[in-house]
Amino acid sequence: TKWVLTFGDGRAEGRAELRELLGGKGANLAEMANLGLPVPPGFTVTTEVCTHYYANGRSYPTELQAQVDAGLDHIQAITGRVFGDAVNPLLVSVRSGSRASMPGMMDTILNLGLNDQTVAGLAEGSGNPRFAYDSYRRFIQMYSNVVLGVGHHSFEDILETAKEKKGVVEDTDLTADDLLALVASYKAKVLKETGEPFPQDPRDQLWGAIGAVFSSWMNARAITYRRLNDIPESWGTAVNVQAMVFGNMGDTSATGVAFTRNPSTGENRLYGEFLVNAQGEDVVAGIRTPQPITEASRIEGNVAAPSLEKRLPEVFTEFVRVSNVLEKHYRDMQDLEFTVERGKLWMLQARNGKRTAKAALKIAVDLASEGLITRDEAVARIDPPSLDQLLHPTIDPKAERKVIATGLPASPGAAQGELVFSSEDAEVAVAAGKKVILARTETSPEDIHGMHVSEGILTTRGGMTSHAAVVARGMGKPCVSGAGMLRIDEKSGTLTVTGRVFKAGDVVTIDGSTGQVLEGAVAMVQPELSGDFATLMRWADEVRRMGVRANAETPDDARAARRFGAEGIGLSRTEHMFFDESRIVSVREMILADDEAGRRKALGQLLPFQRADFVALFEIMKGLPVTIRLLDPPLHEFLPHTEKDMAEVSAAMGVDVEKLRARAAELSEFNPMLGFRGCRLAIAYPEIAEMQARAIFEAAIEAAKSTGAPVTPEVMVPLVMGRPDFDFVKARIDAVAKLVEEETGEKLVYQVGTMIELPRACLKADEIAETAEFFSFGTNDLTQTALGISRDDAATFLKHYTDKHLLPSDPFVTIDREGVGELVVLGVERGRAVRPKIKLGICGEHGGDPASIAFCEEIGLDYVSCSPYRVPIARLAAAQAAL
Ligand code: PEP
Ligand code: MG
């Protein structure tokens, strides 16, 4: 078996594709060597050795020693130096490198090979004894820390004492003799701490370092990092051993890091920093202020130091050439590490650079325009959820965050304002010109008006599909839900967290992208939808198969949906239209009516409002399909709950408070999300569905006239169990259509379809499809009913399932393919078997989740529907799913 692969001098045994075997760093070093770029020669001990090491009681394969020796020979042959030689010593660096980047997992060991003899050779060869002894003392400290477990502080103390004794402040004030004395003290310290002298044999040092790298794969830090980033333990790490090059050999030596394009803006300009006369970790450690690579990328305020361009112009020219080669070769923005040794450039690392969402867009679009990648590749390179960062105002990355509490990132973007604890207070404050954050234990449909005027919403209960979360996403308002450590006392108007009290009027900022609640008004940055964003979305639309619609009911939502490129409305939740102050009275009258006649009278008052709602929607969505769902709320939500509210409503309506209380008690449910909902309402009170159908059809006629474009409404029945209940409601709708046609003399074109959101409806999809013209999978309710997990109070325990890997992810966020997905597939197959052309969509929250969208593509749905602010994400995710 080949356990060791060499590189250097314009060739390598490895290459970029061997990332699994060589780790990211090793694979890219090999690739750079193959490209003929200046890479210090070296070899990579493969990840398979790591696997072997752990599978065999921390021992190495027998052939390894010979192969490492051969690797050293390879480096010696190229450099002309000899490992352990007193005159012309070879020094190496030893670095870990796994398949995925795991920054900071293990310390690097530099200058390995130094001992009491070779240090003299280094002093002689470099003509700089001070440099040689400084390297040696650094090596002892680094090696002892990483390999022998002697704490850094032991050495720092010795160093400080030495400086004090000499009466100097800077390390650089120590002479070669001082450093030689320091080396002696360091070695004495190692002997005292470990009971053994510091290893003088370079080969012992090398094996010690290799062992330390492999052991580090299992240190607590690495284990935690892997868990947080889903990196399997089985991958293992490789070890890279490479000839040292020195950036600290004087004023023509330097070390630095650079990006081939600006990682925060994407601007196509070399961007980076370097330090003259320094070693790699000096840049990272931030002890000295680094200098810019180019004059143009000079960071504001950094005026004194010259750029690499000015300081070492020939090196700069070579570096520009190398970065161009690498960017063209990898066809992506590169993150580079380099060292300059006495005027000669050496590349130490190249990898695809991390970047902000904004930079990612610009870079992808630019690379495609430059012809380096195709448009499809550009589309594939953008992480859909990252678009969120571009659609909402977000917290300025430079701003300081004083976190008060953390909840769920329920609706992205940042918002700030004065705390209010009720929707009424929100309206009053906003009317007075204030900006507010509505903080509630949880929200209900009664809070819509308060949520509407607020900048953002904060709740202490409820998960990702709780009322607050769903409605906030629909409105495009930031929301943090389920911040359980907060206590809200609405009466006293306080929010308490671990003993701290915030009062109504105190300013907070919420970050709906991270779930953080922050103290005060934190600085924010505004979104921008044109330019690269628009270009990339256009490319995505060219490859996308599925349609993307929006869940929207208010004119604002509908307009936002169009702006974001929605191709229609896939779900209009009419219950959200009923809470407006002007209508709630009629809604309550309808609920409290003793008989059908009373209900019809109240419904008559609601009709014009509903008609106007629908006209507005049809007009805004001119030329695009609009699906309107019949009322689907738990009725009790419309009635007052507290005694005070009861008294108020009873006085306002002239209804006996006893009657109000009795009806509220009658309608009250423990789990209203499974109660008197959906078409159950239309079955008990068909006149409600009739009023809505009439409003839809009359609005369709009116909007067709006002816009000059035909309107084909799609009327959707919620929560059906099978064909009989669907047919019952459909018959009422059809009857109303006929009536409206007769009354107006106009011909109506419309469709009646259904939500498929109960397991039984999936099973009976064939029968339902006999009469239903379209299906929209309501995966919120389907998840709730298939898993038996109430969507409103899942947050309390669901986390335990995901933390313990009993569920791969929150099933209300990403569709549970195996269970709920299977039911959807059943529904699709059975529905299509009966009506091959049936239109199939999804309108649960999953319609905006990229992983779920990929599933929808696989099973051949026609469209996904999601909240307006997720429409761009869905467009991109649908495109990627189709690629
Ligand atoms: C659903 O159940 O998936 C759905 C879209 O309807 P709602 O969320 O309004 O119950
Ligand atoms: Mg539903």
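This passage describes the domains, three helix pairs and the ligand surroundings of a predicted model.

The domain assignment divides the protein chain into domain 1 (4-243), domain 2 (254-355), domain 3 (393-525) and domain 4, the last of these given as 544-572 + 615-634 + 687-882. Between the C-alpha centres of domain 1 and domain 2 the distance is 24 Å. The two domains touch through 11 residues of domain 1 and 10 residues of domain 2. On the side of domain 1 that touches domain 2, helix H1 (residues 19-34) provides the largest share, with four residues. By class, that side of domain 1 consists of seven nonpolar residues, three polar residues and one charged residue.

Two packed helices are described by the angle between their axes and the distance between the axes. Helix H5 (residues 129-146) takes part in two of the pairs considered here, one with helix H4 and one with helix H7. For H4 (residues 118-126) and H5, the axes come within 7 Å of one another and cross at roughly 145°. The crossing of H4 with H5 is right-handed. From H4, the contact draws on Val119, Leu122, Ala123 and Ser126, and from H5 on Pro129, Phe131, Ala132, Tyr133, Ser135 and Tyr136. Eight of the residues in this contact are nonpolar and two are polar, while no charged residue is present.

The second partner of H5 is helix H7 (residues 176-194), which packs against H5 at an angle of about 20°, with the axes 8 Å apart. Because the angle is under 35 degrees, H5 counts as roughly parallel to H7. This crossing is left-handed. On the H5 side, the residues that meet H7 are Pro129, Arg130, Tyr133, Asp134, Tyr136, Arg137, Ile140, Gln141 and Ser144. Their counterparts in H7 are Ala176, Leu179, Leu180, Leu182, Val183, Tyr186, Lys187 and Val190. The contact of H5 with H7 comprises 11 nonpolar, two polar and four charged residues. Pro129, Tyr133 and Tyr136 of H5 appear both in the contact with H4 and in the contact with H7.

A further helix pair is formed by H22 (residues 596-620) and H26 (residues 686-707). Their axes lie 7 Å apart, and the helices pack at an angle of about 30°. This angle is also under 35 degrees, so H22 is roughly parallel to H26. The crossing of H22 and H26 is right-handed. In the contact between H22 and H26, 13 residues are nonpolar, four are polar and nine are charged.

Ligand 1 is surrounded by Leu571, Arg573, Asp632, Glu757, Gly778, Thr779, Asn780, Asp781, Cys843 and Gly844. Strand E28 (569-573) and helix H30 (779-787) each contribute at least two residues to this shell. The most is given by H30, which supplies three residues. By class, the shell around ligand 1 holds two nonpolar, four polar and four charged residues. The charged residues listed around the ligand are Arg573, Asp632, Glu757 and Asp781, and the nonpolar ones are Leu571 and Cys843.

How values were computed. Residues are numbered from 1 along each chain as its sequence is written. Chains are lettered from A and ligands numbered from 1 in the order in which they are written. This is a predicted model: local features need pLDDT of at least 70, side-chain atom pairs count only at pLDDT 80 or more; totals for chains, interfaces and linings use all residues. Axes are lines fitted to C-alpha atoms, for helices over the stretch in contact, and angles run from 0 to 180 degrees between N-to-C directions. Angles under 35 degrees count as roughly parallel, over 145 as roughly antiparallel, 65 to 115 as roughly perpendicular and the rest as oblique. A crossing is left-handed if the near helix is turned anticlockwise from the far one by less than a right angle, and right-handed if clockwise. Two residues are in contact if their C-beta atoms, placed from the backbone, lie within 7 Å. A residue is near a molecule or strand if its C-beta atom, placed from the backbone, lies within 6 Å of it. Domain bounds come from an automatic or database domain assignment.
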